[in-house]
Amino acid sequence: MNITNTIYRENILDHNQNPRNKGVLEAASFSYKYRNPACGDNIEIQVRIKNGHVEKMMFDGVGCAISTASTSIMTDFVKGKSVEEVISITQADVLSYLGIPISPGRETCAFLPLFSLQKGIKEKYEHKK
Amino acid sequence: MTTQPTIQDDFPILTQDTVYLDSAATSLKPRQVIDAVSEYYEKFNANVHRGAFGWSVEATNRFDQAHEVIAEWFGADSDEIIFTSGATQSLNILAQSLTADLQEGDEIVLTILEHHSNLVPWQQHAKKVGAVLKFIELNEDGTLNLDHARELITDKTKIVSFMAVSNVLGTILPIKELIELAHAHGAVTVVDGAQHTPHARPNLRALGVDFYAFSGHKMYGPTGTGGFYGKRELLEELEPSHFGGGMISEVSREDSTWNELPHKFEPGTQNIAGALGMAEGVLYMKGIGMATITAHTRTLTTYAIEKLQSLDGVKVYGPMNPVHRNGVISFEVEGIHPHDVADLLNQKKVAIRSGHHCAMPLMEYLNVPGLCRASIGLYNTKADIDALVEGIVYAQSVMNQSV
């Protein structure tokens with residue numbers, strides 16, 4: 001089996017064709033726009049925090065299949081997690097929920113939602129200290 | 001029975017199983033060029049213009065000869081050819097030196113097609129002096145809008161700079177007309193020839209262009225090579241912006257005077273081996289003949305456009321008329337992000353490029369997040385285009401399967 005072909009395995013294709021939580025979020029606590037100049041991903045994430053936990057995360061924009069799928073999966077992954085838990089999500093967690101090997105060339109795409117989330121949270125919450 | 005050697009036989013890397021359609025990014029190198037680089041390191045590795053010993057004399061002769069080869073190829077004198085690390089460095093040098101004396105409100109006219117290397121240097125240096133950038137736009141078919149050019153180039157224009165051929169749309173710009181327009185208003189012209197010289201042999205003196213940047217590595221030479229041409233009177237007047245050994249005549253504690261051309265613009269130890277390789281690349285093209293190369297590029301470009309257009313869900317960008325375009329075919333596959341197309345083509349061992357191609361303002365103007373791009377080199381064949389087409393169909397089958 002061609003290992004790279006597994007990138008486009010079912011769950012990636014599924015989340016790419018039917019992205020979860022795509023659109024505009026009402027009453028977002030923070031948002032973060034991410035543009036990956038290397039490949040043309042242009043995605044904005046929006047998160048609503050209630051009582052220190054993620055109530056909902058949505059995203060919008062245009063991206064490749066990996067970044068779209070990863071972001072879509074992330075919107076479910078963070079639901080209910082505390083801000084501290086979100087800050088502690090690692091790249092390994094992302095690779096784990098994607099479930100397939102990601103080549104170095106596609107890592108930026110896979111980690112796009114992680115980067116955006118953590119940057120967005122830092123901007124929002126670190127100022128409050 | 002002996003088989004005729006083919007062009008592909010000259011390229012050692014082609015023994016690998018890849019269809020290389022990214023020559024617009026950098027070309028593959030023939031054995032002759034690789035050998036020229038190695039030969040310097042193996043036989044006469046020395047610095048130039050200094051030594052009295054054998055290797056240095058040999059290196060100096062070869063290096064000077066490299067200037068002559070490039071100059072002859074472009075219809076210029078060898079001291080009108082300055083070696084740099086590529087078109088990007090050439091354009092940076094020219095932008096820095098040519099904007100130095102601009103006044104606030106002076107205008108620099110570029111086109112919306114420009115590669116960042118012929119946009120950002122002007123942009124950043126213009127900011128320092130308060131000069132204003134203007135961008136000539138396109139016709140529907142991707143050719144340059146000359147009416148718009150006539151509108152934008154006025155007596156306020158001091159510099160008109162443009163690429164000869166677009167690295168995204170393949171558009172061949174109306175070079176002569178733009179130079180005439182610029183000169184009619186007393187503006188100096190700077191042409192970015194990076195995508196031009198792999199498929200054409202411009203006679204720079206006949207063209208009348210003031211400055212012309214080129215990349216050696218796009219015309220079968222090594223990476224880290226290239227240069228620019230300037231009319232002698234202008235180069236003699238132009239103040240250098242990079243200083244050091246080799247480009248001076250006299251140096252005291254307080255001040256320095258400059259060496260003669262081309263040395264004035266070649267500070268420090270140059271990429272000697274690279275320059276020899278670049279000259280060899282030009283000789284390689286000369287051996288095939290530019291008429292043959294141009295025809296080959298045109299044939300394959302036309303074939304590629306035809307085949308891609310015939311695919312469902314594929315849109316080709318840029319002028320459809322082969323007279324107006326050259327060597328570069330950008331396209332979009334409906335519903336599939338360019339990055340995914342490139343990844344899936346890579347699985348089929350077809351190498352294309354995807355993204356914004358160092359032309360973000362153009363992507364914005366075209367209203368696309370990025371594009372896929374295939375480009376032609378002299379080793380490509382119709383079979384390569386067929387492989388591209390098969391690869392796209394494969395990509396569509398993978399991405400569009402129902403889940």
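Me: Which side chains meet in a salt bridge, B:Asp343 and which other?

Reply: This is a predicted model. A salt bridge pairs a side-chain nitrogen of Lys or Arg with a carboxyl oxygen of Asp or Glu, within 4 Å. Here the partner of B:Asp343 is A:Arg106, at 2.3 Å from N to O.

Me: How many salt bridges are there between chain A and chain B?

Reply: The count is two. Five residue pairs across the interface are also in polar contact.

Me: Which helices of chain A supply at least two residues each to the side that touches chain B?

Reply: Helix 1 (10–17) and helix 2 (65–77) do. Helix 1 gives the most, with five residues. Sorted by class, that side of chain A has eleven nonpolar, nine polar and five charged residues.

Me: How many residues does each chain bring to the contact, and what area do they bury?

Reply: Chain A brings 25 residues and chain B brings 18. The two chains bury about 1,600 Å² between them, with 54% of it on carbon and sulfur atoms.

Me: Now a single residue. Is B:Ser241 buried or exposed?

Reply: A residue is called buried when its relative accessible area is under 20%. The value for B:Ser241 is 14%, so B:Ser241 is buried.

Me: Where in chain B does B:Ser241 lie, and which residues does it touch?

Reply: B:Ser241 sits in the loop between helix 8 (232–237) and strand 9 (248–251) of chain B. Leaving out residues up to four places away in sequence, B:Ser241 touches B:Ile93, B:Gln96 and B:Ser97. The side chains of B:Ser241 and B:His242 are joined by a polar contact of 3.1 Å.

Technical notes
Residues are numbered from 1 along each chain as its sequence is written. Chains are lettered from A and ligands numbered from 1 in the order in which they are written. This is a predicted model: local features need pLDDT of at least 70, side-chain atom pairs count only at pLDDT 80 or more; totals for chains, interfaces and linings use all residues. Side-chain values use heavy atoms; hydrogens and water are left out. Contact means heavy atoms within 4.5 Å. Buried area is the accessible area (1.4 Å probe) that two parts lose on being put together, summed over both. A polar contact is a pair of N or O atoms within 3.5 Å; within protein, one must be able to donate a hydrogen and the other to accept it, and residues adjacent in sequence count only if both atoms are side-chain atoms. Helices (H or I, at least four residues) and strands (E, at least two) are DSSP runs, numbered from the N terminus. Ala, Val, Leu, Ile, Met, Phe, Trp, Tyr, Cys and Pro count as nonpolar, Asp, Glu, Lys and Arg as charged, and the others, Gly among them, as polar. Buried means under 20% relative accessible area, exposed over 50%, partly exposed in between (1.4 Å probe, protein chains only).
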